[in-house]
Structures are given as structure tokens and as C-alpha cells.
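I sat down with a new model today and kept a notebook open beside it. These are my entries, in the order I looked things up.

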Amino acid sequence: MNDLLTFELEPWKVVEAEALRAFPNECCGFLFGQMTEHGRHFTEAMPVENAQTGDQRRRFAIDQRDYLRAERHALASGTTLLGIYHSHPRHPAVPSIHDLRVALPFFSYLIASTYPDRVERVRSWQLNEAGRFFEEPIQIPSHG
């Protein structure tokens, strides 16, 4: 369960850019890639609109049509839908009680702690068999 998450630069940049673009609201989207012998390798990020009604500064929701579109994209592109990302504006990159309530097994949940001028930290979480989050180690891509 302590598999390493690796990212190509492009999906990492999409997550950071979307978190900053949406600030002070939460952004959200999907992460695609492949399972490898060492863990999960993310090759693509697909931003979606935050469908949360009401205050989007503390919550996000993904429309069921976007889930269907993501599943179709994975099939068409030969990738696997491996995770969901979202931001926590002015809050740590740790799952909230709401995040736990809506989480599904298998997915990686990437959370970006975001401030007006920066993404401070990105962490990833996955549900264990007991229904609790555990942190997944991330290898951050080089921006060079």
C-alpha cells in the first residue's frame, strides 16, 4: 500500500495551475495514468468544473456526467482513471471529514494547499480497508 506516485510534468502543472486559477474556491479534476510495478504513474490531468452548489471555498463536487466522461476518456486513451485532485484554499493538504465521506476505494486523492500566490504543498491520500485515509508518497516532477 505504500506504492510511490510519480507524475509527468504536464499533469502536475495542470493541478497547480487549476488550484491557483480557482482560488479562493476549490478546484477539482481527474488523474489518469498507469499502474506500474512501483506504484501509480500519472500522465494526464483533466480539470472539471466544481459542481458544488453554494460555498465552493470549502467544498467541491463532481458532476456524474464528468465521471462518465472521464471513464470514457480512460477507455479511449488506454489509460486508467487513478485519482481525483482538488484544492484546499488557505488550508492544509489533508482530507476533511467531507472528503472522507465522499471518497471511494482505489482512487488517489491529491490535495493542493493553495494560497493567492502559490501552491504551498500537495499531498495524496487513499482509503484503506478500514475506511481511513493513509498518505501516499509522491515523487514530484522536476520543473526544469
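**Starting from a hairpin**

I began with S5 and S6, which form a hairpin with two residues between them. I keep in mind throughout that this is a predicted model. The two strands run antiparallel and are joined by seven bridges. As one example of the register, I found alanine 112 opposite valine 122 in S6.

Next I looked at the other pairing of S5. S4 and S5 pair in the parallel sense, again over seven bridges, and glycine 83 stands opposite serine 108 in S5. I followed the chain from S4 through H3 to S5 and noted a right-handed β-α-β unit.

**The whole sheet**

Which order do the strands take in the sheet? I wrote down S7-S6-S5-S4-S2-S3-S1-S8, eight strands in an open sheet with mixed pairing. The edges are strand S7 (133-136) and strand S8 (138-139); each has a single partner strand, so one side of each is left without a neighbour in the sheet. S7 pairs with S6 in the antiparallel sense over four bridges, and there I saw glutamate 135 in S7 as the bridge partner of tryptophan 125.

Then I turned to the helices. H1 packs on the sheet and touches strand S1 (4-7), S2, S3, S4, S5, S6 and S8. The direction of H1 makes about 40° with that of S3. H2 packs on the sheet too, touching S2, S3 and S4, and its direction makes about 130° with that of S3.

**Inside**

I checked how covered S5 is: seven of its eight residues are buried. Serine 108 lies in this strand. Is serine 108 buried or exposed? I count serine 108 as buried because its relative accessibility is 1%, and the cut-off for buried is under 20%. The side chain of serine 108 makes a polar contact of 3.4 Å with that of arginine 40. Serine 108 also touches residues far along the chain from its own place, including Leu5, Phe42, Ser124, Trp125 and Glu136.

The largest nonpolar core has 20 residues, and those with the most contacts inside it are Phe30, Phe32, Ile62, Leu81 and Ile84. The elements giving two or more residues to this core are S2, strand S3 (39-48), helix H2 (64-77), S4, S5 and strand S6 (118-127). A second, separate core has 17 residues, among them Val14, Ala19, Leu31 and Tyr85. I listed some contacts of leucine 81 as well, including Phe30, Phe32, Ala70, Ala74 and Phe107.

**Backbone oddities**

Most residues other than glycine have a negative phi, and most peptide bonds are trans. I went looking for exceptions.

- Phenylalanine 23 and proline 24 are joined by a cis peptide bond, with omega about 15°. I placed proline 24 in the loop between helix H1 (9-22) and strand S2 (28-36).
- Arginine 90 has a positive phi, near 60°. I found arginine 90 in the loop between strand S4 (80-89) and helix H3 (97-102), partly exposed at 48% relative accessible area.
- Phenylalanine 106 has a positive phi as well, near 85°. I placed phenylalanine 106 in the loop between H3 and strand S5 (108-115), and at 37% relative accessibility phenylalanine 106 counts as partly exposed.

Key. Residues are numbered from 1 along each chain as its sequence is written. This is a predicted model: local features need pLDDT of at least 70, side-chain atom pairs count only at pLDDT 80 or more; totals for chains, interfaces and linings use all residues. Side-chain values use heavy atoms; hydrogens and water are left out. Buried means under 20% relative accessible area, exposed over 50%, partly exposed in between (1.4 Å probe, protein chains only). A polar contact is a pair of N or O atoms within 3.5 Å; within protein, one must be able to donate a hydrogen and the other to accept it, and residues adjacent in sequence count only if both atoms are side-chain atoms. Contact means heavy atoms within 4.5 Å. A nonpolar core is a set of buried Ala, Val, Leu, Ile, Met, Phe, Trp, Tyr and Cys residues joined through side-chain atoms within 4.5 Å. Two strands pair if DSSP finds at least two bridges between them. A crossover is right-handed if, with the strands pointing away from the viewer, the path from the first strand over the helix to the second runs clockwise. Axes are lines fitted to C-alpha atoms, for helices over the stretch in contact, and angles run from 0 to 180 degrees between N-to-C directions. Lists of a residue's contacts leave out its neighbours within four places in sequence.
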